[in-house]
Structures are given as C-alpha cells and as structure tokens.
Amino acid sequence: MQVGFIGSGNMAAALARGWGEPVLCSDSGSGRAQALAAELGGEALPNREVAERAGLVILAHKPAQLDTVAAEIAGAAKVVVSILAGVTQADLRAAYPDTPVFCVEPNTPAEVGRGVLAFAAPDAPVDAELYAAVRDRFARLGVVIEVPERLMGVAGAAMGVAPAYWALIVEAWVDAGVRHGLPVATAQTLVREGMAGSAELLRHYDGDTLALRRAVTSPGGSTARGLAALERGGVRAALAQAMDAVVGD
C-alpha cells in the first residue's frame, strides 16, 4: 500500500521516517516535500498526482484547507487517512463522499517506532479488511489505541504533546542538576537515561504509577522529600491546566 502525503510538515515527516520507505508527497511551496523525498526516496509531486499514484493518502495539510484540497483530489484518492486536528469523520465523508476515510491522531515518536496513535473508532460501516489493513499499517509505528471519536482531542492532548512536555521537564531537571554541580553533559545523560528507564519500568508495572512510586520511595527518604516538593510546586495542577489549555483549543 503505497503511502502519499498531502503536506510534508513535521508530523508527516515523522510518519514517513518511521515507515522508512520511499514516499510520494506534496507541499504548498515550502520545499519540504522535495527535502523529504530526497531523504527517503520517492517523489515530490502535485496533490492530484500524489492521490492518483498512492494507495493510501494521508492528509497532513492545514485543517482549514480540507475543502480546497478535496476539490483537487477527491476523485483520485482511493483511501484517505486524516491526521488533521479537529476534522471529524463526518467532515471527511462530506469532503470525500466516495472514498473510505479514517481519522488518526499520531505523535512524533512514530519516527523511531515508539509512537502512540489514537485511531478513531468508525462511526459508520467500514470494510473490515480495509480497516485492519490501515490499522496494521499504522501499528508499525508504535502502539495503536482505538478511541471514540469524541475523545480524539483528549487523546491528542494526552500523548500528542508528550514529547514537548517531557523535553521541558528534562530541561528543567538538567538545569537543577547543573545548579548543584553536575557537568551539563553528565546531567543530560543521567536525566535522559533515567527517564527512559523509568518509562520501561512503568511498562513492567503495567502502568501502576502508585506501585512504582512506592517501590522507589522510602518513608522519610530523599525521594519522598522530592515528591513532596513537587506537590508543593503544583505539578499536578500545572499538568491539569495544560490539558485544559490543549483540549480547549
């Protein structure tokens, strides 16, 4: 199933790199499609030609361009997958009335095969074999989680922004270590690898955050003091406010 991208921004590039295959791609004049095709192999083409030659078209343009792009490619696209924020399956069916459509909310760790991809549960009858094929294609990029369409925005707020949030936390943590005397490179390695190992350990605990915290927190110990400081600093409230801000967009 040859993939074609309408739009070649950061998320399209992350998906394409995760698959690691030659791509068909377009852009609105930025030159990013040509750069992506040069990196992975494939071709940068006009929208219509991408749709005609691809077996699976991924809409990665700006959401406001939905109708404009559909006017170009609706008769040519065989299967359409939207990664456009705020665009529903009903919107897609209206724009592509004779084409199977799907909604996916990915995140950029798909680039390294560790993505989380929210897959909107179909809200209308869909060919089971095609649905499985599309889902399996995205499962090559990480973990696929089917969610009701009404929760796609929340799913995106939970994982789509995760790389940026983690980067901010790591940056602040590294700065704190440097303030106490660690060399920058050493602090970066300690924090980065500590976070990566902790994520794997949490998987081992089946996501039981309380059990994991208890396993590393001795009564009255340094970890307990640090957790108390984080609570006083409002880490829970800050994350809740961040979720509200993203979902409210």
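Glu-39 is partly exposed, with a relative accessible area of 45%; partly exposed means between 20% and 50%, buried under 20% and exposed over 50%, using a 1.4 Å probe and protein chains only. The side chain of Glu-39 meets that of Arg-17 in a salt bridge, at 2.8 Å from N to O. Here a salt bridge is a side-chain nitrogen of Lys or Arg within 4 Å of a carboxyl oxygen of Asp or Glu. Arg-17 sits in helix α1 and Glu-39 in helix α2, so the pair ties together parts that are 22 residues apart in sequence. Helices (H or I, at least four residues) and strands (E, at least two) are DSSP runs, numbered from the N terminus. Arg-17 also counts as partly exposed, because its relative accessibility is 32%.

Before going further, a word on the model: it is predicted, local features need pLDDT of at least 70, side-chain atom pairs count only at pLDDT 80 or more, and totals for chains, interfaces and linings use all residues. Residues are numbered from 1 along each chain as its sequence is written, and side-chain values use heavy atoms, with hydrogens and water left out. As for pLDDT, the predictor's confidence in each residue from 0 to 100, the chain has a mean of 95, and 100% of its residues reach 70 or more. Confidence is lowest in α7, at a mean of 91, and highest in strand β4 (residues 56–59), at 98.

Now back to helix α1, residues 10–19. Which of its residues are buried? They are Ala-12, Ala-13, Ala-14, Leu-15, Ala-16 and Trp-19. These buried residues pack against β1, β2, α2, β4, β7 and α6, where a contact means heavy atoms within 4.5 Å. Just after α1, Gly-20 takes a positive phi of about 65°.

Helix α6 (residues 128–139) brings us to Arg-137. Is this arginine buried or exposed? Arg-137 counts as buried, because its relative accessibility is 8%. Its side chain reaches the backbone oxygen of Met-1 at 2.8 Å. Leaving aside residues up to four places away in sequence, Arg-137 touches Met-1, Val-3, Trp-19, Glu-21 and Leu-56.

Arg-17 has a partner in space as well: Val-112 lies 95 residues from Arg-17 in sequence, yet 7.7 Å from it, C-alpha to C-alpha. Val-112 belongs to the loop between β6 (101–105) and β7, and it is exposed, at 62% relative accessible area.

Two further salt bridges are worth a look. Arg-53 and Glu-43 pair through their side chains at 2.5 Å, N to O. This pair links distant parts of the chain, with Arg-53 in helix α3 (residues 47–53) and Glu-43 in strand β3 (residues 42–44), ten residues apart. In helix α9 (residues 184–204), Glu-200 and Arg-203 are three residues apart and therefore separated by about one helical turn. Their side chains meet in a salt bridge at 3.7 Å, N to O. The structure holds 13 salt bridges.

To close with the chain as a whole, there are twelve helices and eight strands. Of the 249 residues, 33% count as buried. The C-alpha trace spans about 65 × 40 × 30 Å along its principal axes. Among contacts with a separation of 6 or more, 54% come from residues 24 or more positions apart.

Technical notes:
Polar contact = N/O pair within 3.5 Å; in protein donor to acceptor, adjacent residues only side chain to side chain.
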